[in-house]
Amino acid sequence: MGLEREKSDTSIIMDEDEFNRSIEPILSKKGKSAYAAEPDRDPNDINAHLKVGFGDVIAEPVSTHSFDKVWIASHFAFEVVKFFFYRVLTTLLAVPMAFILGLVFAVLSCIHIWLVMPAIQSFVMLLPSVQVVWRSLTDMFITPLFHSAGKSLSSVQVKTTEY
């Protein structure tokens, strides 16, 4: 008697933008404005399929929820680990991969410019002469053969009977 228990329901509601702004000062360098617009490094949306957020990977249905602090901490851990390891991996791999890809595209461009296109242009220049020779060969050999085969087979009659 006299002791009554109250059920308290506490929830923290943060949308993704608000969460990203709340951890941005932790991730950004001092002296930088947290809200400065960054240049678009993917203007053609080549990597649109890689825009993955926490909600795209981990989602709890309405019937099952973890503790709010666990949810917020896991969201924070996901974003920080994704940010940190992306930076580490790009630091280690970006320059060597850019070098290799630059070399590959340079070789492909050189081959295309100096080998493939001259060969194609040569074939295009030769094609009218080849077309004349091909047409005369077909007119001399193939056309008479098919005309005679057509005349001899035109007299064939097929009758079908049912039993």
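**A loop residue and an aromatic cluster**

D45 sits in the loop that joins α1 (16-27) to α2 (54-57). The model is predicted. Start with the backbone at this position. Most residues other than glycine have a negative phi. D45 goes the other way: its phi is near 55°, a positive value in a residue that is not glycine. Is D45 buried or exposed? The answer lies in between, because its relative accessible area is 42%, which makes D45 partly exposed.

Now turn to the aromatic side chains. Two numbers describe a pair of aromatic rings: the distance of the centres and the angle of the planes. The count of aromatic pairs here comes to three. One of them is F54 with W71, with 4.9 Å from centre to centre and 70° between the planes. That pair is edge-to-face, because planes over 60 degrees apart count as such. F54 belongs to helix α2 and W71 to helix α3 (residues 68-153). The two residues are 17 apart, so the pair links distant parts of the chain.

How accessible are the two partners? F54 counts as buried, because its relative accessibility is 2%. W71 has a relative accessible area of 27%, so W71 is partly exposed.

F54 also pairs with F78. Here the centres are 5.6 Å apart and the planes meet at 65°, again an edge-to-face pair. This contact also links distant parts of the chain: F54 in helix α2 and F78 in helix α3, 24 residues apart. Together, F54, W71 and F78 form one aromatic cluster.

Key:
Residues are numbered from 1 along each chain as its sequence is written. This is a predicted model: local features need pLDDT of at least 70, side-chain atom pairs count only at pLDDT 80 or more; totals for chains, interfaces and linings use all residues. Side-chain values use heavy atoms; hydrogens and water are left out. Helices (H or I, at least four residues) and strands (E, at least two) are DSSP runs, numbered from the N terminus. Buried means under 20% relative accessible area, exposed over 50%, partly exposed in between (1.4 Å probe, protein chains only). Rings of Phe, Tyr and Trp (its six-membered ring) pair if their centres lie within 6.5 Å; planes under 30 degrees apart count as stacked, over 60 as edge-to-face and the rest as tilted.
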